[in-house]
Amino acid sequence: MKSQPAAADREVMIQAEHLARYYGPSPALRDITFTAYRGEIVGFLGPNGAGKTTTMRILTGYLPPTSGKASIAGYDIIEQSMDARRHVGYLPETTPLYTDMTVWSYLDFMARLRGVADRDEAVERAMSRVSLQDRADQLIGQLSKGLRQRVGIAQAVLHDPPVVILDEPTIGLDPRQIQDVRGLIQELKGNHTVIISTHILSEAEQLCDRVLVINRGEIVAAASPAELRTQLAGADAVRVVVPSSVRARDVEQALKAVDGVAEVANEGEGRYVVKATAGASPRPAIAQAVVGNGWPLMELTPLGMSLERIFLELTAESGADPDDEMLAEEDGDA
Amino acid sequence: MRNLWTIARREIASYFSSPVFWVIATVFMAFSGFLFAYILISPGQQAEMTQLLGLYGTVMLFAAPVLSMKLLAEEQRTGTLELLMTSPIRDWQVVWGKWVGAVCMFVGLMSLTLTHVAIMLRYAEKGMDWGPLLTSYLGLFLLGSMLLALGVFTSALTQNQAIAAFLGIMLTMVLWFLSLVKQVFSEGSWVVKTFGYLGLSDHYQTFGQGIVDSRDVIYMVTFTVGALYMATRILESRRWR
């Protein structure tokens, strides 16, 4: 699956240390520190206004940080701004494009700006990467939103930068276009270090090797989607369903006897929630215990915490805003 | 230089696909053609090209801010400025590149008036007085460059093209008529002298008399460079806000 290379040969592509940014007296970013390695897709996950875009703008050299430092491919974003920018491809959230240009002339213009040596080849390659070859001479203003997004992505990978930063790349697209764009992002993996921001949890789960949950200008959690889940859910939990005719006391006893089971809760109607001790995964043993007693096992469902729930919990924990906490409580089911 | 020219090239291409440019070009050609014919056929009038070029200068007071209004305002509105400012290119190169693009269009527009010169040449029995003609064209070029730079400056101030054009026209008008201060107040106090010196029209008119005064050249070049410098600083300040 998502095998991580050994730490030694993981090349650091983005290094951000204690980035902070104030707009006047109010902080948009308080303290952002993270590292991104070659070839991984890192997701910035957080509610709107959490500081995702501000972080991206700092990394791309659009905004200077109020304090803290960052480097792209080893180049300091302030001291060696031009070198750092040469190693980044960036697609802002609004997909800004010159609508009066054709796809080809626009990409050629961007290639010139980035000082690409073989422009024709670079433009051809970028267009084929996003399947826009047959739109080369069409005016950007006449393209659909999904196609424009592809032009935006083509522009970001034009100069084959080691770092690609995409701000909310799927926002405002229809479901088919969203799948399209996600497919493109997945293809970038490996060659490029990709940073995407999103507030859609399933997107982060589907695309990212690592998720940084950002809230109120701070990173409140950083882990792979799977790790994040176990980290927050604590231990594994499963739902066991047997026919309601089986005596509850027998079932509880049998389940509690299984190695690694911490707690059994009877939900009635033959449904039991079994919580494992931390680190244990007693699912096969549970199944064996049930079947071994001669009871039909009707259901054995893992009750992992959804990323949605984790997200709400994290973002609610870090601030005292009562609205957030209410939101977390309302979304009670996991 | 390469980056600057990349920006200028895009700007020039974009002018050709913009209706605003064609409207200005049409109005300018109709106006200049009319003036040319009017001055040629009026009895007792000297057929002077320099007088015409002086009038074109005043047309530019309005035309230049309209030509330059979109340069930075539109980029700010659509957000494409963010892409330019995150590309490996300096802010001043963006500003100067846009200005060069606009100046190229202006020069192209003015070169159309060479047809008038050609017609003059055809009918001028005693030949042409080339000196004042050349200085007039030089003056027109410097004036246009300066007005477009002022336009780039006002375009940096706002996301709205109409406001950029309005501010630009106000600015050029104020500068132009500042010369009148000298006529209103006859007293030669230093205030009057200073404002009088800042007046644009006096500095422009000497070119039409066949004189290239270094003070006039310095005046226009200073305003051009100053306006572009200010525009760059305004763009930079967006990063700090």
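1. Start with Arg239(A): its bridge partner in strand 14 of chain A is Thr301(A). Bear in mind that we're looking at a predicted model here. The pair belongs to a wider match-up, since strand 11 (residues 237-241) and strand 14 of chain A are joined by four bridges and run antiparallel.

2. Now the helices that sit against this sheet. Helix 10 of chain A, residues 283-292, packs on the sheet and touches strands 11, 13 and 14 of chain A. Its direction makes about 15° with that of strand 11 of chain A.

3. Now zoom out to the sheet itself. It's an open one with four strands in chain A, ordered 12-13-11-14, and the pairing is antiparallel. Strand 12 (261-268) and strand 14 (299-302) of chain A are the edge strands, each pairing on one side only. Ignoring direction, neighbouring strands of the sheet are turned by 20° against each other on average.

4. Then there's helix 9 of chain A, residues 248-256, which also packs on the sheet. The strands touched by helix 9 are strand 11, strand 12 and strand 13 (271-276) of chain A. Relative to strand 12 of chain A, the direction of helix 9 makes an angle of about 160°.

5. For the chain-wide picture, chain A has 12 helices and 14 strands. Of its 334 residues, 40% count as buried. If you're looking at contact order, take the contacts in chain A with a separation of 6 or more: 66% of them come from residues 24 or more positions apart.

Technical notes: Residues are numbered from 1 along each chain as its sequence is written. Chains are lettered from A and ligands numbered from 1 in the order in which they are written. This is a predicted model: local features need pLDDT of at least 70, side-chain atom pairs count only at pLDDT 80 or more; totals for chains, interfaces and linings use all residues. Two strands pair if DSSP finds at least two bridges between them. Helices (H or I, at least four residues) and strands (E, at least two) are DSSP runs, numbered from the N terminus. Axes are lines fitted to C-alpha atoms, for helices over the stretch in contact, and angles run from 0 to 180 degrees between N-to-C directions. Two residues are in contact if their C-beta atoms, placed from the backbone, lie within 7 Å. A residue is buried if 20 or more other C-beta atoms lie within 10 Å of its own, exposed if 12 or fewer, and partly exposed in between; C-beta atoms are placed from the backbone.
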